[in-house]
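Have a look at the model below, and let's talk through how a few of its labels are earned. Each one comes down to a value and a cut-off.

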Amino acid sequence: MTEEINNCIQVLKKGGLILYPTDTVWGIGCDATNEIAVQKVYALKNRDDKKALICLVAHQAMLERHVAQVPDVAYDIMDLATKPTTIIFDDPRGIAKNLVADDHTLAIRVASDIFCQRMIQKFGKPIVSTSANISGEPTPQNFKSISVKILKGVDYVVTLPLENKNTLPSSIIKLSNDGQVKVIRE
């Protein structure tokens, strides 16, 4: 696992793209603070950059560094969630501008997968996590379902493990600083 993490970090530091198993589905990742790397993800997915991408952080302290205000209810949601849960926060900071939605929000998930946690912790910055598919196509349920275009479009493919434990996308909840809570995806 250490070698895979080091290989990913080398690619991320150079602004490259990785294909990696997340705590949900296989993901395309990059340095979430690098606008050029983020643009590469949008281009590879043929996705409009108005459709925001999810970021992964290693732990709550990293989350707090990249969100101006983490509502108290966010900690309850993270602690009580029975599956990976992405939360959309107001007022992100220290993130590539092209990751931030027009309403000045950002979708962030604290990674629950050990590989992801260790990689992000060692990298020291959030990474993008978006499903490994072309926009509009189905989310791949396993490594074998990932299209050749995606496989050839990334700079590094993680080879361990080849199957995810969870093949479903995360739940998504939007928390506004004014106290509003909205379920976007169950």
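Q: How do you know that strand 3 and strand 6 count as a pair?
A: This is a predicted model, by the way. Three bridges join strand 3 to strand 6, and the two run antiparallel. Two strands pair if there are at least two bridges between them, so three bridges are enough for this couple. One spot to look at is Cys55, which sits opposite Val128 in strand 6.

Q: What makes strand 3 and strand 5 a pair?
A: Here there are four bridges, and the strands run parallel. With a requirement of at least two, the four make strands 3 and 5 a pair too. Leu56 faces Arg109 of strand 5 across this pairing.

Q: What about strand 2 and strand 6, and how many bridges join them?
A: Two bridges, with the strands antiparallel. The rule asks for at least two, so this couple counts as well. Gly27 has Ser131 as its bridge partner in strand 6.

Q: What is the order of the strands in the sheet?
A: Nine strands form an open sheet, in the order 7-1-2-6-3-5-4-8-9, with mixed pairing. The chain also has six helices to go with its nine strands.

Q: Why are strand 7 and strand 9 called edge strands?
A: Because strand 7 (156–157) and strand 9 (181–185) each pair on one side only.

Q: Which strands does strand 4 pair with, and in what sense?
A: Strand 4 pairs with strand 8 (residues 171–175) in the parallel sense over four bridges. Four bridges also join strand 4 to strand 5, this time antiparallel. You can spot Thr86 partnered with Ile172 in strand 8, and Ile88 opposite Ala107 in strand 5.

Q: Why is strand 4 said to be largely enclosed by the rest of the structure?
A: Six of the six residues of strand 4 (residues 85–90) are buried, so the label follows. Buried means under 20% relative accessible area. On one side of the strand are Thr85, Ile87 and Phe89, on the other Thr86, Ile88 and Asp90, and all of them are buried.

Q: Which residues of strand 3 point one way and which the other?
A: Ile54 and Leu56 point one way, Cys55 and Val57 the other, and all are buried. In a regular strand, side chains alternate between the two faces of the sheet.

Q: Why is Pro140 called buried?
A: Its relative accessible area is 5%. The cut-off for buried is under 20%, so Pro140 makes it. Pro140 belongs to the loop between strand 6 (127–131) and helix 6 (148–153). Leaving out residues up to four places away in sequence, Pro140 touches Val25, Ala132, Asn133, Ser145 and Ile146. Val25 is 115 residues away along the chain, yet the two C-alpha atoms are separated by 7.4 Å.

Q: What makes Ile184 partly exposed?
A: Ile184 has a relative accessible area of 44%. Under 20% would be buried and over 50% exposed, so 44% lands in between. Ile184 is found in strand 9, and beyond its neighbours within four places in sequence it is in contact with Ile88, Ile172, Ile173 and Lys174.

Q: And why does Asp91 count as partly exposed?
A: At 32% relative accessibility, Asp91 also falls between the 20% and 50% limits, hence the label. Asp91 is in the loop between strand 4 and strand 5.

Q: What makes the phi of Asp91 worth pointing out?
A: Phi of Asp91 is near 55°, a positive value in a residue other than glycine. Most residues other than glycine have a negative phi. Asn46 has a positive phi of about 55° too, and is not a glycine. Asn46 lies in the loop between helix 2 (35–45) and strand 3.

Q: Why is the chain called as compact as a globular protein of its length?
A: Its radius of gyration is 15 Å, and the globule rule gives 16 Å for 186 residues; the two are close, so the description holds. Along its principal axes, the C-alpha trace spans about 45 × 30 × 30 Å. Of the 186 residues, 52% count as buried.

Technical notes:
Residues numbered from 1 in each chain as written. Predicted model: local features only at pLDDT ≥ 70, side-chain atom pairs only at ≥ 80, totals over all residues. Heavy atoms only, no water. Rg over C-alpha atoms; globule rule 2.2 N^0.38 Å. Buried < 20%, exposed > 50% of the residue type's maximum accessible area, 1.4 Å probe, protein only. Contact = heavy atoms within 4.5 Å.
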